[in-house]
Amino acid sequence: MCGIVACRTDGIAADYLLNALSRLEYRGYDSAGVAIRTTAGTAATVKSVNRVASLAPLLVQFPPAELTGTGIGHTRWATHGAVTPGNAHPHADCSGRLSIVHNGIIENADVLRGRLTAAGHRFSSDVDSEVVAHLVEDAMAPSAATGEAPGLAAAVSTAITALEGSWALVVLDSQTGGMVATAHRSPLLVARTTHGDLVSSDIAAIAEWADDYWALRNGDVVEIAETLGWTRAGEPTSAPRPIRKTWSSAVHELEHHADYMDREIDEQPEVAARILDGLGSRIADGSLWRDTGIGAFSRVTVLGCGTSLNAGRIIASAFSRLGGLPHDYVVASEASTAVLDPKALVLAISQSGETADVLRAIDEMGISGNLVALTNNPHSTLARQADSVINCFAGPEIGVAATKTFVAQIVTGVAYALSALVDSGRMTRRDAQRQVADLGRIPDLLAQAIAVSRDVIPAIAAEVREASGFVFLGRGSGVVYAAEGALKLKELTYRWAEHYPAGELKHGPLALIEEGTPVVVIDNGDPRLASNIAEVSARGGNVLRIGGPGSRIPALGLSLGTPLLGAMEQWGPLESVVPVQVLARELAVLLGRDVDKPRNLAKSVTVD
Ligand code: M6R
């Protein structure tokens, strides 16, 4: 989604901005732009609806010696207004003195635009963000009484009082070189480094230069000057505690992999093993859960979107299957009508921790007291809102398709679920130890699933290359994995893919099956699947069974002798996610899709 960078350095701003923007490309975007302060006190602004790399040639029109070390940049993922250079950020006020970049949504933009237009402001784009430039312009006007103009930070503080919605903003005054950052419900980071001051919406952009950074709190206004001036509502405030960077720029290396998704699929066994190493000894004695400080609960409600919601459903059903706790799940974008049990533990799951649907759902549902965030970003907005934060330690995930974060969420979430059940007396330590031993097999199961999938799936992908659509089936614990398979396939290949509990076939979806229709079956060993497979085969469907030895994709529980419908039924056949990931990726490659940046999608979905 949208990304912000800004720099105030003694070096060449274009180098920092373009480099940092290229590191935000993984988030997904459709246009980009930069505004760099010139030595004449103007803004050199270029925008493009192509890749970030296309900005450099556009800057050639400005003599390099006239470009200073101060500037702002942005990658835009369109919400309001078409994908055009005019709608790309940065946006300017009427005079061109002020330039702004914005992430989030200004919900009252239409009202503000009407008011500002009536007052004589001229707009040059269709986007909501542009109102901010004009509001700051108004706020900087000299006072009629004193003739004095407020400084940039004061003007920004005034301007944001008119806004409704969410924003991370950087405002550049090219005349003075002043720069101000502010945020409300959208992430923004400031770092003071040996290279100068850097601002970004994502640490990935500036990790090469910054070791520590500050994450702006809602309402913070930071003047980026000789000293960093922190204010809130116009009053001085202290800076938040600095955060030590954990993101390594090495994550950008593809090594021998064709793309990031390819690399991230392969990392899954190692991620699972690392998590279990870290948590293992504190699961069965209940201390892992006790340390969260969360009080008693008698129900589990999971909140999330997409793949994270799928992971949440699996974790929640582990609470039910192992501890008899009722559970439900809420699709975050549909939370407005959900009725929350006051005794429920709410587990909000989001790899980014910035998913706007999840953040809004927490507000709408009025959750407080029992909110646990399970996230890959412990400094995210979600983490800051939660009563307790569980870091899933997947490491940075670059591909838009969630892969290793899904595995990390499940392994971490199930570990905490087991610990919570022990802590609340719903499970004995001995039973928990048995479960922990089962969890310990996951890295090997994943590794074997990877080996099998890499071996057999390329040929299957070639076989189904022309199929216009796919059906994914499962029963019991396999249903959510079928859902995850269908999600991955449509996300990456742009072919339709639907999942169903296999028993539902005869109630409608069977009509979709014709000669050659690929039907992926997650075979967790449920004996009832045999008749569903027969129903599909009888109609000419191409059954692609993911199961144990003898199945078309024998990726489950191989040679480790796992009883498929037994020990691991609590959280389902986790390794089945590997073949569905590999199938989606292989087919996407064959079809010439951009595997890491599927069309229309973004890594961090910061609009609702
Ligand atoms: O950052 P989140 O985990 O909250 O993101 C939720 C979904 O947008 C995300 O899982 C999405 O479904 C994935 N791109 C699917 O691969």
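**Figure 1. Right-handed crossing of helices H8 and H13 in the predicted model.** The helices H8 and H13 cross in a right-handed sense. Helix H8 spans residues 268-279, and its axis runs 9 Å from that of H13 at an angle of about 25°. At that angle H8 is roughly parallel to H13, because angles under 35 degrees fall in this class. On the H8 side, the contact is made by Gln268, Val271, Ala272, Ile275, Leu276 and Leu279. Their partners in H13 are Lys404, Val407, Ala408, Val411, Thr412, Ala415 and Tyr416. By residue class, this contact of H8 with H13 comprises ten nonpolar residues, two polar and one charged. An α-helix has 3.6 residues a turn, so residues three or four places apart point the same way.

**Figure 2. Salt bridge between Asp423 and Arg290.** The closest N and O atoms of Asp423 and Arg290 are 3.0 Å apart. This pair links distant parts of the chain, with Asp423 in helix H13 (residues 404-423) and Arg290 in helix H9 (residues 287-290), 133 residues apart. Asp423 is partly exposed, at 31% relative accessibility. Arg290 is likewise partly exposed, with a relative accessible area of 45%.

**Figure 3. Salt bridge between Arg263 and Glu267, and a network of salt bridges.** Glu267 pairs with Arg263 in a salt bridge, and the closest N and O atoms lie 2.8 Å apart. Both Glu267 and Arg263 are buried. A network of salt bridges links Asp259, Asp262, Asp266, Arg454, Arg585 and Glu586. Side chains of opposite charge can pair when their charged atoms come close. Over the whole structure, the search for salt bridges finds 32.

**Figure 4. Salt bridge between Arg51 and Asp594.** The side chains of Arg51 and Asp594 form a salt bridge with an N to O distance of 3.4 Å. Arg51 belongs to the loop between strand E3 (43-48) and helix H2 (55-59), whereas Asp594 lies in the segment after helix H18 (577-590), so the pair ties together parts that are 543 residues apart in sequence. Arg51 has a relative accessible area of 41% and is partly exposed. Asp594, with a relative accessible area of 31%, is also partly exposed.

**Figure 5. Burial of helix H11.** Helix H11 (residues 356-365) is mostly covered, with seven of its ten residues buried. The buried residues are Ala356, Asp357, Val358, Leu359, Ala361, Ile362 and Met365. The elements that cover them include four strands and a helix: strand E16 (299-304), strand E17 (327-331), strand E18 (344-350), strand E19 (371-375) and helix H12 (381-385). Gly366 follows H11 and has a positive phi, near 60°.

**Figure 6. Surroundings of Val456 in helix H15.** Val456 is found in helix H15, which covers residues 442-463. With a relative accessibility of 22%, Val456 counts as partly exposed, because buried residues have under 20%. Apart from its neighbours within four places in sequence, Val456 is in contact with Arg552 and Ile553. Val536 is 80 residues from Val456 in sequence, and the C-alpha atoms of Val456 and Val536 are 22 Å apart in space.

Conventions. Residues numbered from 1 in each chain as written. Predicted model: local features only at pLDDT ≥ 70, side-chain atom pairs only at ≥ 80, totals over all residues. Heavy atoms only, no water. Helix = DSSP H or I, 4+ residues; strand = E, 2+ residues; numbered from the N terminus. Buried < 20%, exposed > 50% of the residue type's maximum accessible area, 1.4 Å probe, protein only. Contact = heavy atoms within 4.5 Å. Salt bridge = Lys/Arg side-chain N within 4 Å of Asp/Glu carboxyl O. Axes fitted to C-alpha atoms, helices over the stretch in contact; angles between N-to-C directions. Parallel < 35°, antiparallel > 145°, perpendicular 65-115°, else oblique. Left-handed = near helix turned anticlockwise from the far one by under 90°. Nonpolar A, V, L, I, M, F, W, Y, C, P; charged D, E, K, R; others polar.
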